[in-house]
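I opened this notebook to record what I looked up in one chain, entry by entry, with each term explained where I first needed it. The sequence and the structure come next.

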Amino acid sequence: MNRDIQNALQILKEGGTILYPTDTVWGIGCDASNPEAVKKVYELKKREDSKALICLVADDRMLKKYVKEIPRAALDIIHIADKPTTIIYDEARNLAGNLIADDGTIAIRIPDHEFCYQLCRKFNGAIVSTSANISGQPTPKSFEEINPAILKGVDYVVNLHREKICAQPSSIIKLSNSGIVKIIRK
């Protein structure tokens, strides 16, 4: 795992893209603060940049760097959720402008996954995590189902957990600073 982390870190620091296992599905990632790297992810997925992407952070301390105000309920959800849960926060900051939704929100997850945790921690920053598929195509449930264009299009493919079968992506909950809670995906 250490070699994959070092190789992925190098690519992220150079503004490249990676394909990596997460706590949900295989993800395409890049430095979430680098607009050119984020643009590469949109182009690789053939996705409109008006559709925001998820990013990962190592822990709640790192989360504070990217969200102006963390609603109290968010920390409760993070700590009690029994499945991977992405939360959409108001007032994103310190991220690439093309990663932040038009309304100023950002979707962030703290993964329960050793590789992702170590990668975010050692990178000391948020990493984009979007499903490894072309926009509009099904999300691959295994490494073998990943479109060859994605495999060829990223700068580095992590060599871990390739046999893992992923059942589903994360739940998504929108928590506004005004207290409104909206379930986007169960």
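Entry 1, the hairpin. I began with β9 and strand β10 (residues 181-185), which are joined by four bridges and run antiparallel; two strands count as paired if DSSP finds at least two bridges between them, and the names come from DSSP runs numbered from the N terminus, with helices being H or I runs of at least four residues and strands E runs of at least two. I noted that this is a predicted model, in which local features need pLDDT of at least 70 and side-chain atom pairs count only at pLDDT 80 or more, while totals for chains, interfaces and linings use all residues. I also noted that residues are numbered from 1 along each chain as its sequence is written, and that side-chain values use heavy atoms, with hydrogens and water left out.

Within the hairpin I found that Ile173 has Ile183 as its bridge partner in β10. Five residues lie between the two strands, and Gly179 takes a positive phi near 100° in this hairpin. On β9 I also looked up strand β4 (residues 85-89), which runs parallel to β9 and is joined to it by five bridges; there Tyr89 has Leu175 as its bridge partner. Strand β9 (residues 171-175) is mostly covered, since four of its five residues are buried, where buried means under 20% relative accessible area, exposed over 50% and partly exposed in between, with a 1.4 Å probe and protein chains only.

Entry 2, another sheet. I traced an open sheet of four strands with mixed pairing, in the order β7-β2-β1-β8. Its edge strands, each pairing on one side only, are β7 (130-131) and β8 (156-157). Between β2 and β7 I found two bridges in the antiparallel sense, and Gly27 stands opposite Ser131 in β7.

Entry 3, Val25. I placed Val25 in the loop between β1 (18-20) and β2, and I asked myself whether Val25 is buried or exposed. Val25 is buried, because its relative accessible area is 6%. Beyond its neighbours within four places in sequence, Val25 is in contact (heavy atoms within 4.5 Å) with residues including Tyr20, Ser131, Thr139 and Cys166.

Entry 4, Asp31. I found Asp31 in the loop between β2 (27-29) and α2 (35-45). Which side chain of opposite charge is nearest to Asp31? It is Lys65, 8.2 Å away, and buried Asp31 has no salt bridge; that term needs a side-chain nitrogen of Lys or Arg within 4 Å of a carboxyl oxygen of Asp or Glu. For charge, Lys and Arg count as positive and Asp and Glu as negative, while His and the chain ends are not counted. What I did find is a polar contact of 2.7 Å between the side chains of Asp31 and Ser33, the term meaning a pair of N or O atoms within 3.5 Å, where within protein one must be able to donate a hydrogen and the other to accept it, and residues adjacent in sequence count only if both atoms are side-chain atoms. Leaving aside neighbours within four places in sequence, the contacts of Asp31 include Leu12 and Phe123.

Entry 5, helix α5. I listed Phe115, Leu119 and Phe123 among the buried residues of helix α5 (residues 114-123). The buried residues of α5 pack against elements including α1 (2-13) and β3 (54-56). After α5 comes Asn124, with a positive phi near 60°.
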